[in-house]
Amino acid sequence: MDNPPEGYRRNVGICLMNPTAKKIFAASRLDMPNAWQMPQGGVDENESPRDAAIRELREETGVTSAEIIAEVPHWLTYDLPPHVREKLKQQWGSDWKGQAQKWFLFKFTGKEEEVNLLGDGTEKPEFGEWSWMSPEQVVGRAVDFKKPVYEEVMSVFGPFLQ
């Protein structure tokens, strides 16, 4: 399926793996400090999901030393809870049911000093702190409405995380 379902915002998700520890990058949101997530973001008009993932990783974490090693072959969707949907309707200027995401597994090839939660300076920072976590920790700290997508992502990328 090349296109996401109708009514969902095109989005990408980034699972950044530390190849030495087989842990995953997760960060706490500035607007919801107890909500940890992997980097994600919208796909621009005329932009491929792959290019969007590379751009979003750089914008949100400052990381450019990474290579894509796997991709979830289909779009994964989650619905936004009403209060989140209302907030994002104002922010995005559109009313989406939720997000349809193409997920990519990146292998981190740089040094940890490269991680900068101010990102590359092109966008407003989204994260307050970050950590390398096990797949179980990432799923456990995710907001409830994202957990099923995170579980599927970990299932698909599981062989790379052993």
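Glu56 is buried in this predicted model, because its relative accessible area is 7%, under the 20% limit that defines the buried class. The residue lies in helix H1, which spans residues 49-61. Leaving aside residues up to four places away in sequence, Glu56 is in contact with Val12, Ile14, Gln40, Gly41 and Gly42.

Two of these neighbours, Val12 and Ile14, lead to the nonpolar interior. Both belong to a core of 18 residues that also includes Ala52 and Phe106. This set is separate from the largest nonpolar core, to which the description now turns.

The largest nonpolar core comprises 25 residues, and the members that touch the most others are Met38, Trp103, Val138, Tyr150 and Phe157. At least two residues are supplied by each of the following elements: strands E1 (8-18), E2 (23-29), E6 (76-79) and E7 (98-108), together with helices H2 (82-92), H3 (135-141) and H4 (147-157). Helix H4 provides the largest share, 5 residues. In soluble globular proteins, nonpolar side chains tend to be buried together.

Met38 illustrates how these elements meet. With residues up to four places away in sequence not counted, Met38 touches Ile14, Cys15, Ile24, Phe25, Trp103, Val138, Tyr150, Val153 and Met154. Ile14 thus appears among the contacts of Met38 and also among those of Glu56.

The wider setting is given by an annotation. An unreviewed UniProt entry places the feature "domain: Nudix hydrolase" at residues 7-155. Over residues 7-155 the chain is 27% helix and 34% strand, and the C-alpha atoms at the two ends are 26 Å apart.

Notes. Residues are numbered from 1 along each chain as its sequence is written. This is a predicted model: local features need pLDDT of at least 70, side-chain atom pairs count only at pLDDT 80 or more; totals for chains, interfaces and linings use all residues. Side-chain values use heavy atoms; hydrogens and water are left out. A nonpolar core is a set of buried Ala, Val, Leu, Ile, Met, Phe, Trp, Tyr and Cys residues joined through side-chain atoms within 4.5 Å. Buried means under 20% relative accessible area, exposed over 50%, partly exposed in between (1.4 Å probe, protein chains only). Helices (H or I, at least four residues) and strands (E, at least two) are DSSP runs, numbered from the N terminus. Contact means heavy atoms within 4.5 Å. UniProt positions are given in the numbering used here, feature names are shortened, and annotations may be inferred rather than shown by experiment.
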